[in-house]
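Subject: Structure for you to look at

Dear colleague,

I am passing on the structure that we spoke of, and my notes follow directly below it. Please read them with the model open beside you.

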Amino acid sequence: MQLGIDLGITQKTAWFVLHRIREMLKEKSPQMLGENNVVESDATYIGGKEGNKHLNKKRSQEHKHLTNEGKVFVPKKTVIGIIERNGKVALKHVSGETTQNMVDFVTTHVPKNATIYSDEAHAYRKLNKYYTHDNVKHSLNIYVEGSVHTNTIENFWSVLKRGLYGVYHQVSEKHLERYLDEYAARFNTRHLSSRERFDNFLVEAESVLSYKSLTNLN
């Protein structure tokens, strides 16, 4: 880690320091998006592509819960996101792209009657009860239909994945939420100067993350 080299500390210590910084960046309360602007909602998957894995690491065709070498198969990690056009983003690591997960997340961050655009995934259908909701038909190769599109959140996913894969190469499911906190905070403070960002993060820091707490996370 470059941080360890610059500060003259071990990689283990640098890893701990970075997670303590991410603790400072953690969202303290649900931020509301879409009060004045359109929001887009989408899900993405974090993890290596199945086609790029060695044969023994690939999912077994006979035993779907195992790899070909007999170890437990770990599927890609699901991340859902909401982004306000010209505004902020909110992210969450969830167990899957289910209707319950999507609706719960959206209703936590978006006030009723706001305008939401998504793709045509079944999980979004219940949003029509609470929001002005429309979707874009990716399955029909339609990506923009007037103002209806999810290009803003898709662009954010590209930035997130370039960061995770390019800087960290891989992240464990155990700590994924903290990396999401980091990239959401980076995006949401993109208009601030470095000094303003630093001051803001210090003001919002509420707790100290101990090494025991970090390593004992379930």
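Arg186 is partly exposed, because its relative accessible area is 43%, and I begin with this residue in what is, please keep in mind, a predicted model. The side chain of Arg186 forms a salt bridge with Glu182, in which the closest N and O atoms are 2.8 Å apart. Since the two residues are four positions apart in helix H5, Arg186 and Glu182 are separated by about one helical turn. Arg186 also lies over the face of Tyr183, at 5.2 Å from the ring centre.

Glu182 has a further partner, for its side chain meets that of Arg22 in a salt bridge with an N to O distance of 2.7 Å. This pair links distant parts of the chain, as Arg22 belongs to helix H2 (residues 11-25) and Glu182 to helix H5 (residues 176-188), 160 residues apart. Both of these partners are buried: Arg22 has a relative accessible area of 2%, and Glu182 has a relative accessibility of 6%.

A search of the whole structure finds five salt bridges, and another of them joins the side chains of Arg195 and Asp199, with 3.2 Å from N to O. Arg195 and Asp199 are four residues apart in helix H6 (residues 194-204), so that about one helical turn separates them. Arg195 is exposed, with a relative accessible area of 60%, while Asp199 is partly exposed at 33%. Returning to the earlier residues, salt bridges that share partners join Arg22, Glu182 and Arg186 into one network.

The aromatic residues come next. A search of the whole structure finds four aromatic pairs. One of them is formed by Tyr130 and Tyr131, which are arranged edge-to-face, with 6.3 Å from centre to centre and 65° between the planes. The angle leads to that description because planes over 60 degrees apart count as edge-to-face. As for their surroundings, Tyr130 counts as partly exposed at 26% relative accessibility, whereas Tyr131 is buried, with a relative accessible area of 6%; the two fall into these classes because buried means under 20% relative accessible area.

Elsewhere, ring pairs link Phe156, Trp157 and Phe187 into a cluster. One member of that cluster, Phe187, also has a charged side chain over its ring, since Arg190 lies over the face of Phe187 at 3.9 Å from the ring centre, within the 6 Å that is asked of such a contact.

Finally, I looked at the strands, and here a question may help: how much of strand E4 (residues 115-119) is buried? Four of its five residues are, so strand E4 is largely enclosed by the rest of the structure. Strand E1 (residues 39-46) runs parallel to E4 and is joined to it by two bridges, and in this pairing Glu40 stands opposite Tyr117 in E4. E4 also pairs with strand E5 (residues 132-136), again in the parallel sense, over five bridges. Between E4 and E5, Ile116 stands opposite His133 in E5.

If you go through the model yourself, I would suggest starting with the network of Arg22, Glu182 and Arg186, and then turning to strand E4 with its parallel partners E1 and E5.

With best wishes

Technical notes: Residues numbered from 1 in each chain as written. Predicted model: local features only at pLDDT ≥ 70, side-chain atom pairs only at ≥ 80, totals over all residues. Heavy atoms only, no water. Phe/Tyr/Trp six-rings, centres within 6.5 Å; stacked < 30°, edge-to-face > 60°. Buried < 20%, exposed > 50% of the residue type's maximum accessible area, 1.4 Å probe, protein only. Lys NZ or Arg CZ within 6 Å of the ring centre and 35° of its normal. Salt bridge = Lys/Arg side-chain N within 4 Å of Asp/Glu carboxyl O. Pairing = 2+ DSSP bridges.
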